[in-house]
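The following exercises concern one predicted model. Please examine the sequence and the structure before reading each solution.

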Amino acid sequence: MLPNCEIRRFNNSGHALLLEADFNLVTVIMGANFYRRGRHLDFVRDFVPPSTSEFDSVYQPYRWMEVAFNPVMISTLENGNIVRGLTGIPSEGPVLLVGYHMMLGLELVPLVSRLWNEHKIVLRGIAHPLMFKRLREGKMPVVSMYDDYRFMGAVPVSATNFYKLLSSKSHVLLYPGGMREALHRKGEEYKLFWPEQSEFVRMAARFGAKIIPFGTVGEDDIGQMLLDYDDMMKVPYLKAFIEELTGEVEKLRCDTEGEVSNQDVHLPIILPKVPGRFYFYFGKPIETAGRKEELKSREKAHELYLEVKSEVERCIDYLKEKRENDSYRNIMARLPYQASHGFDSEVPTFDL
C-alpha cells in the first residue's frame with residue numbers, strides 16, 4: 001500500500017535491526033538511491049562518496065576475491081615507464097578509464113576496491129539500466145542485489161550522466177563493449193565488441209579528460225564455459241526464459257548494427273576451475289586537453305577512438321604473454337606464500 005516502496009531484506013538480522021553494530025541505515029538509503037537533494041534523483045549531484053568505514057562495510061562480503069584472484073595491477077606513467085601498482089592513474093579528474101569487460105564483470109570488484117584502498121579514488125561506473133530499474137516484475141533478480149554498486153557510484157548509461165560525471169571532474173569507468181562483451185560466447189575471451197563509431201572521444205575532449213586504456217586478463221583461469229548464449233537459444237525452454245528476462249529490462253543500442261547490439265540478458269553456464277590470477281594493465285594516459293576543436297572533426301575523433309581500442313588490445317596481449325612467466329599464477333602456488341608472509345602481503349609476479 002506504500003507508493004514507490006522498495007523492499008530490503010536482512011535475513012541474518014533480528015528484530016532490533018537498527019541497533020545492530022554492523023547495520024548502517026544511511027548506507028541502505030544511499031544504495032537504494034533514496035537520498036536526493038531535489039525532487040528528482042540526480043545520480044551525479046546526489047552522490048555522496050563513502051567514508052572509510054562505510055566502504056569497509058560494503059566491501060567485506062567481497063574480500064574473498066582478493067585472496068582467490070590476487071590481482072596484479074600495473075600502470076604506465078606519463079613518461080611511458082611501466083610500474084607496479086596504480087601510480088600511473090592521475091589523482092585529479094576528469095579521468096576516463098576505457099577497457100575490456102571480462103565475463104560477468106568479475107574484474108569490477110578488484111578494480112574499484114584497489115583504487116579506493118590505495119588512492120581513495122571513487123570510480124564512477126557507467127552501468128546497464130538493469131542495475132537500477134525493471135520495466136515489469138518477473139524473473140529478473142531483485143534490484144536490491146545491485147545496491148552495493150550504486151552505493152559505490154555506478155550510474156545508468158546515458159549521455160547526460162556521462163556529461164555530468166566529466167564536468168564534475170570524476171574518475172569514470174566505461175566499457176564500450178557493454179553487456180555483449182561481458183556475456184560473450186565460447187572462444188570469444190578477450191575479444192572486443194565495440195561499436196563501429198566512437199561514443200566517448202568528443203565528450204572527453206570537451207572537458208579535457210585524460211583517457212586511460214586498460215586491459216584485464218584472467219577469466220579463462222577461473223572457469224570454463226559449458227553453455228553460452230548460442231547453446232541456450234537452441235533449447236526452447238531456455239530461449240523463452242532469455243526472452244522473458246530481456247523483456248523485463250531496458251534494451252540498449254537498438255539502433256546500432258553488428259554484434260554489439262545483441263544485448264539479450266542471460267547467464268551462461270560456467271564450470272569453475274581452481275582459481276588462477278587476475279591481471280590489469282593500464283596504458284599511458286592519452287591527453288585530450290587542448291584538442292577540443294581538433295576532435296570536433298568526426299575523422300579525428302574516430303582516429304583517436306581506434307587508437308584507444310588498439311591500446312586496449314595491446315594491453316591484453318601484453319598480459320596474456322607476461323602471465324606465462326608468473327610462478328604464482330595458480331592459487332595453489334600462492335597460498336603457501338601467503339600463509340608464510342601474511343594474506344595482505346604482495347605476492348610476487350612476472351618481471352616488467
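**Exercise 1: Surroundings of an arginine**

Determine which residues R114 touches, leaving aside residues up to four places away in sequence.

Solution. The residues in contact with R114 are E66, P71, M73, L86 and H119. Next, place R114 in the secondary structure: R114 belongs to helix α4, which covers residues 108–119. Then consider one partner, L86: R114 and L86 are separated by 28 residues in sequence, while their C-alpha atoms are 8.4 Å apart in space. For another partner, P71, the backbone oxygen lies 3.1 Å from a polar atom of the R114 side chain.

**Exercise 2: Accessibility**

Decide whether R114 is buried or exposed.

Solution. The relative accessible area of R114 is 15%. The cut-off for a buried residue is under 20%. R114 is therefore classed as buried.

**Exercise 3: The sheet**

State the strand order of the open sheet, and explain which strands stand at the edges.

Solution. The eight strands follow the order β2-β1-β10-β7-β3-β6-β4-β5, and their pairing is mixed. Strands β2 (82–84) and β5 (155–156) each have a single partner strand, so one side of each lacks a neighbour in the sheet, and these two are the edges.

Now examine one pair within the sheet. Strands β3 (residues 95–99) and β6 (residues 171–174) run parallel and are joined by four bridges. In this pair, V98 is opposite L174 of β6.

Finally, add the helix that packs on the sheet: α11 (residues 298–322) touches β1, β2, β3, β7 and β10. The direction of α11 makes about 35 degrees with that of β7 (210–217).

Definitions and conventions
Residues are numbered from 1 along each chain as its sequence is written. This is a predicted model: local features need pLDDT of at least 70, side-chain atom pairs count only at pLDDT 80 or more; totals for chains, interfaces and linings use all residues. Side-chain values use heavy atoms; hydrogens and water are left out. Two strands pair if DSSP finds at least two bridges between them. Contact means heavy atoms within 4.5 Å. Axes are lines fitted to C-alpha atoms, for helices over the stretch in contact, and angles run from 0 to 180 degrees between N-to-C directions. Buried means under 20% relative accessible area, exposed over 50%, partly exposed in between (1.4 Å probe, protein chains only). A polar contact is a pair of N or O atoms within 3.5 Å; within protein, one must be able to donate a hydrogen and the other to accept it, and residues adjacent in sequence count only if both atoms are side-chain atoms.
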